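Please open the structure in your viewer and keep the sequence panel visible beside it. The tour below proposes a series of selections and describes what each one shows.

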Amino acid sequence: MAQDHLAASSPLAEHARLAAFAGEWDGEETVFPSRWTEGGPATSRTVARMDLNGFYLIQDSVQMRDGKQVFATHGIFTYDRDDRTYKLFWYDSLGYTPPSPASGGWVGKTLTLVRGSLRGNARHVYEIIDDNSYSLKIQFSPDAEGWADVLTGVYRRIH
C-alpha cells in the first residue's frame with residue numbers, strides 16, 4: 001500500500017514550547033524614537049493561539065498611543081525541524097515584506113530571533129517572566145552588531 005504523503009507528522013516538544021505565549025495579553029510598552037516613529041509610552045493588546053495541528057503560534061497585536069491605534073503586527077512562530085531553529089514570520093502595518101523569517105532559539109526562558117533585510121537587522125527577545133507575564137524587546141541594527149532598542153514591553157495575561 002502506498003504511504004500517504006499528506007499524513008501530518010506530530011508537533012515536537014519544541015513546537016509545544018511556543019504555547020507559553022498563547023492567550024490574550026495586555027502590554028505596557030516603551031517606544032524609542034526611531035526612523036519609523038516618535039518615542040513614548042504605548043499600550044498593546046495581543047491575541048495568540050496555537051493552530052494548524054499545533055505546529056504554529058499565530059499572534060496578532062495592536063498598539064495604541066494617545067487612544068489611537070498606531071501599529072499592528074501579525075506574527076507566525078514555529079520550530080523548523082530541518083535546521084533546528086525557531087522561526088518568526090513577521091508582518092506589520094508599516095507594510096514591508098520581510099525577505100526571510102527571523103531565526104533563533106531559546107536560552108533558558110529567553111527566545112531570541114534575528115532577521116535581516118536591506119533596511120537592516122531586527123532582533124526580537126521574548127523572556128518568560130512567569131506563567132502570566134513575559135517581556136519583549138525589539139532592537140534594530142544596521143550591521144547586526146550594535147543594537148538599539150526600538151520597543152520594550154511587559155505583557156500580562158488577561159484571565
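## A pair of facing residues

Begin by selecting V107 and T110: T110, in strand 7, is the bridge partner of V107. Please keep in mind throughout that this is a predicted model.

Now extend the selection to strand 6 and strand 7, which pair in the antiparallel sense over five bridges. Another facing pair here is G104 and L113, the latter in strand 7. Next, select G108 in the hairpin of these two strands, where two residues lie between the strands. The phi angle of G108 is positive, near 65°.

Add strand 5 to the view. Strand 5 and strand 6 run antiparallel and are joined by three bridges. To see one position of this pairing, select K87, which stands opposite S103 in strand 6.

## The whole chain

Deselect everything and display the chain as a cartoon. Its secondary structure consists of one helix and ten strands, and along the sequence these follow the pattern α-β-β-β-β-β-β-β-β-β-β. How do the ten strands run in the barrel? They form a closed barrel in the order 1-2-3-4-5-6-7-8-9-10, with antiparallel pairing. On average, neighbouring strands of this sheet are turned by 25° against each other, direction ignored.

For the overall extent, the C-alpha atoms fill a box of roughly 60 × 40 × 30 Å along the principal axes. The chain has a radius of gyration of 16 Å, which agrees with the value near 15 Å for a compact globule of 159 residues. Buried residues account for 36% of the 159 residues. Of the contacts with a separation of 6 or more, 36% are between residues 24 or more positions apart.

## The nonpolar core

Select L111, L113 and Y126 and show their side chains. These are the residues with the most contacts inside the largest nonpolar core, which has 25 residues. Several strands give two or more residues to this core, among them strand 1 (23-31), strand 4 (68-80) and strand 7 (110-117). Which strand gives the most to the core? Strand 9 does, with four residues.

Now centre the view on Y126. Beyond the residues up to four places away in sequence, Y126 touches a set that includes F21, F77, W90, L111, L113 and Y134. The polar residues Q59, K109, T110 and S135 are also among those that Y126 touches.

## A serine in strand 2

Move to S44, which is found in strand 2. Is S44 buried or exposed? Its relative accessibility is 8%, so S44 counts as buried, since the cut-off for buried is under 20%. Select E29 as well: the side chains of S44 and E29 are joined by a polar contact of 3.2 Å. Other residues that S44 touches, apart from those up to four places away in sequence, include W25, V62 and Y155.

## A histidine in the helix

Finally, select helix 1 (residues 13-17) and locate H15 within the helix. H15 counts as buried because its relative accessibility is 1%. Show L12 too, as the backbone nitrogen of L12 lies 2.9 Å from a polar atom of the H15 side chain. Then select M50, G54, F55, T78, Y79 and R81, with which H15 is in contact when neighbours within four places in sequence are left aside.

Definitions and conventions
Residues are numbered from 1 along each chain as its sequence is written. This is a predicted model: local features need pLDDT of at least 70, side-chain atom pairs count only at pLDDT 80 or more; totals for chains, interfaces and linings use all residues. Side-chain values use heavy atoms; hydrogens and water are left out. A nonpolar core is a set of buried Ala, Val, Leu, Ile, Met, Phe, Trp, Tyr and Cys residues joined through side-chain atoms within 4.5 Å. Buried means under 20% relative accessible area, exposed over 50%, partly exposed in between (1.4 Å probe, protein chains only). Contact means heavy atoms within 4.5 Å. Two strands pair if DSSP finds at least two bridges between them. Axes are lines fitted to C-alpha atoms, for helices over the stretch in contact, and angles run from 0 to 180 degrees between N-to-C directions. A polar contact is a pair of N or O atoms within 3.5 Å; within protein, one must be able to donate a hydrogen and the other to accept it, and residues adjacent in sequence count only if both atoms are side-chain atoms. The radius of gyration is taken over C-alpha atoms; the globule rule is 2.2 Å times the number of residues to the power 0.38.
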